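Please find below some notes on the model, set out as numbered points. They start with the chain as a whole and then turn to single sites.

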Amino acid sequence: MNKCLENLNQLSMVTKITEDIYLVSLPVPFGMVQVNCYLLRGEKGFTVVDTGMYSKESMNIWDKIVETGVTFEKIVLTHYHIDHLGLARWFQEKYKVPVYISKLGYREMKKRQKDDYADYVISLFKQHGCLEYSKPETKFDSYIYNFEPDGLFEDGEQIKLGDEIYEALWTPGHSADHFCFYHHGKQMMIVGDLILNKISPIVLIESHHDVNPLKEYFASFERVKKHPVSIALPGHGNIIENVNKRMEEIRSGHHHRLEEMVHAVKDEKKTSFTVTQEIYAKGKALKGPPQLMATITRFIYLESIGKVKSEEINGNIYYRAAE
Ligand SMILES: [Zn+2]
């Protein structure tokens, strides 16, 4: 085992975090650039938290890790997004490693097997005033989701990662099925994409189930706050040392935008698309779907706290500041 760990440590994409935890940085061809997967050492092999994208490059890296002699006990997923779950099926098929996902994650997987997510987003965007969004490339989506996980976990359950017991904490907002894993003794939390160091994680509506994701996202922060955390391991970017401070920064970024949005619809009702153009693109072409998605989730939140009112006209949703 020691020789394996030495070999593992030699790999450029692997960083030792503690005696028993290693970070594997894998490439992502969009936005975040890379994704963090974590290896937690145990007697029966490593538990792998998140797998990376379904890509030849990521597979090659995992193959190299296997060549060092390490073995895997199981895969555990923070949430079902492609950059985290992407290689779960591959691991199961190629290395016979059992895969664990939350019950809610399994529900999301089932939905994605049907491959109609893009259609849902197109209709959502249309409803919010954006007509020009078209179907993105989703070549591997239904493939990567088309497998049966070996085990499901739920909120509050104890889950063994390596040889240590963690608590699975349901923390929706970035995705409906998002989970963090908390080690009480070590005050360590694997935070997935709930809290990231440099960027504010996108808060997404991905299906009819997602009613008010930003409200849930803020509630997830409150949930994390109840746990003392001395080190947080995120799904992208650097490790977070002061997790409460980082949550406050993210929250205040949202509040700044929320105020800006209420101001934008003070005298006139507008669609989310129009407001996105004004706020992010300053009148130029739409910067991208993430910004529109952020505006939609913020308006839904604003309406839920009584700051704006929505009105549907000819199938389009307009918002105006509440009196
Ligand atoms: Zn991610």
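1. A contact here means heavy atoms within 4.5 Å. On that footing, take the contacts in the protein chain between residues at least 6 apart in sequence: 65% of them join residues at least 24 apart. The model is a predicted one, and the remarks that follow should be read as remarks on a prediction.

2. Overall dimensions. The protein chain has 323 residues and a radius of gyration of 20 Å, which agrees with the value near 20 Å that a compact globule of this length would have. The C-alpha trace spans about 70 × 40 × 35 Å along its principal axes. The protein chain contains eleven helices and 15 strands.

3. Burial and surface. Of the 323 residues, 53% count as buried. The protein chain exposes about 14700 Å², and carbon and sulfur atoms supply 50% of that area.

4. Zinc site, donors. Which residues coordinate the zinc ion? The donors are Asp83 (OD), His84 (NE2), Asp193 (OD) and His236 (NE2), at 2.0 to 2.3 Å. Along the chain they follow the spacing D-H-x108-D-x42-H. Asp193 sits in the loop between β11 (188–192) and α8 (213–225), and His236 in the loop between β12 (231–234) and α9 (243–264), so this pair ties together parts that are 43 residues apart in sequence. Asp193 and His236 are both buried.

5. Zinc site, geometry. Why is the arrangement around the zinc ion irregular? The four donor atoms subtend angles of 86 to 165°. Four donors count as tetrahedral if all angles lie between 85 and 135 degrees, and the upper end of the range, 165°, falls outside that window, so the arrangement is not classed as tetrahedral. Water is not among the atoms, so a site of this kind may look incomplete.

6. Thr51. This residue is found in the loop between β4 (46–49) and α2 (56–67). Is Thr51 buried or exposed? Thr51 has a relative accessible area of 0%, so it is buried. Its side chain reaches the backbone oxygen of Leu85 at 3.4 Å. Leaving out residues up to four places away in sequence, Thr51 touches Leu26, Cys37, Trp62, Ile75, Leu77, His84, Leu85, Gly86, Leu87, Ala88 and Phe91. Two of these names recur elsewhere in this note: His84 is one of the zinc donors, and Leu85 supplies the backbone oxygen just mentioned.

7. Positive phi values. Asp50 has phi near 70°, a positive value in a residue other than glycine. Asp50 is found in the loop between β4 and α2, the loop that also holds Thr51, and Asp50 is buried, with a relative accessible area of 2%. Gln187 likewise has a positive phi, near 50°, and is not a glycine. Gln187 is in the loop between β10 (179–183) and β11. With a relative accessible area of 30%, Gln187 is partly exposed.

8. Pro149. This proline lies in the loop between α7 (141–145) and β7 (151–153). Its relative accessibility is 13%, and the cut-off for buried is under 20%, so Pro149 counts as buried. Not counting residues up to four places away in sequence, Pro149 touches Gln92, Val99, Ile101, Tyr106 and Met109. Pro149 and Glu248 are 99 residues apart in sequence, and their C-alpha atoms are 35 Å apart in space.

9. Ala321. Strand β15 (residues 316–321) contains Ala321. Ala321 counts as buried at 11% relative accessibility. How far apart in space are Ala321 and Lys307, C-alpha to C-alpha? The separation is 6.0 Å, for residues 14 apart in sequence. Lys307 is also among the residues that Ala321 touches, along with Val262, Val265, Lys266 and Val308, when residues up to four places away in sequence are not counted.

10. Ile122. Helix α6 (residues 117–127) holds Ile122. At 21% relative accessibility, Ile122 counts as partly exposed, since buried means under 20%. The C-alpha atoms of Ile122 and Tyr133 are separated by 6.4 Å, and the two residues are eleven apart along the chain.

How values were computed
Residues numbered from 1 in each chain as written. Predicted model: local features only at pLDDT ≥ 70, side-chain atom pairs only at ≥ 80, totals over all residues. Heavy atoms only, no water. Helix = DSSP H or I, 4+ residues; strand = E, 2+ residues; numbered from the N terminus. Buried < 20%, exposed > 50% of the residue type's maximum accessible area, 1.4 Å probe, protein only. Polar contact = N/O pair within 3.5 Å; in protein donor to acceptor, adjacent residues only side chain to side chain. Donors = N, O, S within 2.8 Å, 3.2 Å for Na, K, Ca; no water. Tetrahedral: all angles 85-135°; square planar, octahedral: opposite > 155°, others 65-115°. Rg over C-alpha atoms; globule rule 2.2 N^0.38 Å. Areas by Shrake-Rupley, 256 points an atom, 1.4 Å probe, with all protein chains shown as cover.
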